[in-house]
Amino acid sequence: MPPKNKFTRDEIIQAALGIVREAGLAGLTARSLAERLQSSPKVIFGQFENMEDLSHSVVRAAEFVLVQYIRSALERAKPFRAVGMAYILFASQEPQLFKILYLNPHKHPIESFKDFLPQKDHSYQQILESIVEDYPMHIESAEFVYQHLFIYSHGLASMIASGIYSFSQEEVTERLTQVFTALLKEMKGKQE
């Protein structure tokens, strides 16, 4: 009978996520994780094939942290605005997780931006529905608005996560509102 694993897969992932939060993905090594667990690297490889397997699990765990921010925002009044704020808050509070999700080169880049959000955003459909519900428009218009505001929000979030500039909540709200209002005016002008 094989020996019982000292740590569960999830316990190892959470310890690894803690390291990544502090030192980024580059700081996650078998040695650093073994030290965090106060064990030997053998414990890790009893649950994961290799460090790449563990890294993939850590990225999925980071995605889940972001999903929690977004789902919480979807419960608020004006959920679409709250989602943009939550995304930027995630970048501010979890800069290393933001970096591994959005600022690292990807092995399989997306060919068309219109495919990006449906693939990367686990709450994509809910966000579109919230836009249609709060701002009377067709789903195609909601996609247009979401794509443009995501690009803008991503720029703010990237600046914050990279330490370039730390926008205040008021600055973020003001800027997102300005861009959103401009997009609505442009769409209205095209309809007339």
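Q: How many salt bridges does a search of the whole structure find?
A: The search finds four salt bridges. Please note that the structure is a predicted model.

Q: Which residue forms a salt bridge with Asp53?
A: Asp53 pairs with Arg9 in a salt bridge, and their closest N and O atoms are 3.8 Å apart.

Q: And where in the chain do these two sit?
A: Asp53 belongs to helix H4, residues 51-74, while Arg9 belongs to helix H1, residues 9-23. The pair therefore links distant parts of the chain, with the two positions 44 residues apart in numbering. Arg9 counts as partly exposed, because its relative accessibility is 31%.

Q: What about Arg21, which residue does its side chain meet in a salt bridge?
A: The side chain of Arg21 meets that of Glu94, at 2.9 Å from N to O. This pair also connects distant parts of the chain: Arg21 is in helix H1, and Glu94 lies in the loop between helix H5 (79-93) and helix H6 (95-102), 73 residues apart.

Q: Is Glu94 buried or exposed?
A: Glu94 is buried, because its relative accessible area is 12%, and the cut-off for buried is under 20%. Its partner Arg21 counts as partly exposed, at 35% relative accessibility.

Q: Which residue pairs with Lys114?
A: Lys114 and Asp115 form a salt bridge through their side chains, at 3.8 Å from N to O. Lys114 is exposed, with a relative accessible area of 56%, whereas Asp115 counts as partly exposed at 29%.

Q: Changing topic: at what angle do H4 and H5 cross?
A: The axes of H4 and H5 cross at roughly 145° and come within 8 Å. The crossing is right-handed.

Q: Which residues make that contact?
A: From H4, the contact includes Ala62, Val65, Leu66 and Tyr69, and from H5 it includes Pro79, Ala82, Val83 and Phe90. Gln93 of H5 also takes part.

Q: How many of the contact residues are nonpolar, polar or charged?
A: The contact of H4 with H5 has 14 nonpolar residues, one polar residue and no charged residue.

Q: Last one: what is the mean pLDDT of the chain?
A: The mean pLDDT is 91, and 96% of the residues reach 70 or more.

Q: Which element has the lowest mean pLDDT, and which the highest?
A: Among the elements of the chain, helix H7, residues 113-120, has the lowest mean pLDDT, at 84, and H1 has the highest, at 97.

Notes: Residues are numbered from 1 along each chain as its sequence is written. This is a predicted model: local features need pLDDT of at least 70, side-chain atom pairs count only at pLDDT 80 or more; totals for chains, interfaces and linings use all residues. Side-chain values use heavy atoms; hydrogens and water are left out. Helices (H or I, at least four residues) and strands (E, at least two) are DSSP runs, numbered from the N terminus. Buried means under 20% relative accessible area, exposed over 50%, partly exposed in between (1.4 Å probe, protein chains only). Axes are lines fitted to C-alpha atoms, for helices over the stretch in contact, and angles run from 0 to 180 degrees between N-to-C directions. A crossing is left-handed if the near helix is turned anticlockwise from the far one by less than a right angle, and right-handed if clockwise. Contact means heavy atoms within 4.5 Å. Ala, Val, Leu, Ile, Met, Phe, Trp, Tyr, Cys and Pro count as nonpolar, Asp, Glu, Lys and Arg as charged, and the others, Gly among them, as polar. pLDDT is the predictor's confidence in each residue, from 0 to 100.
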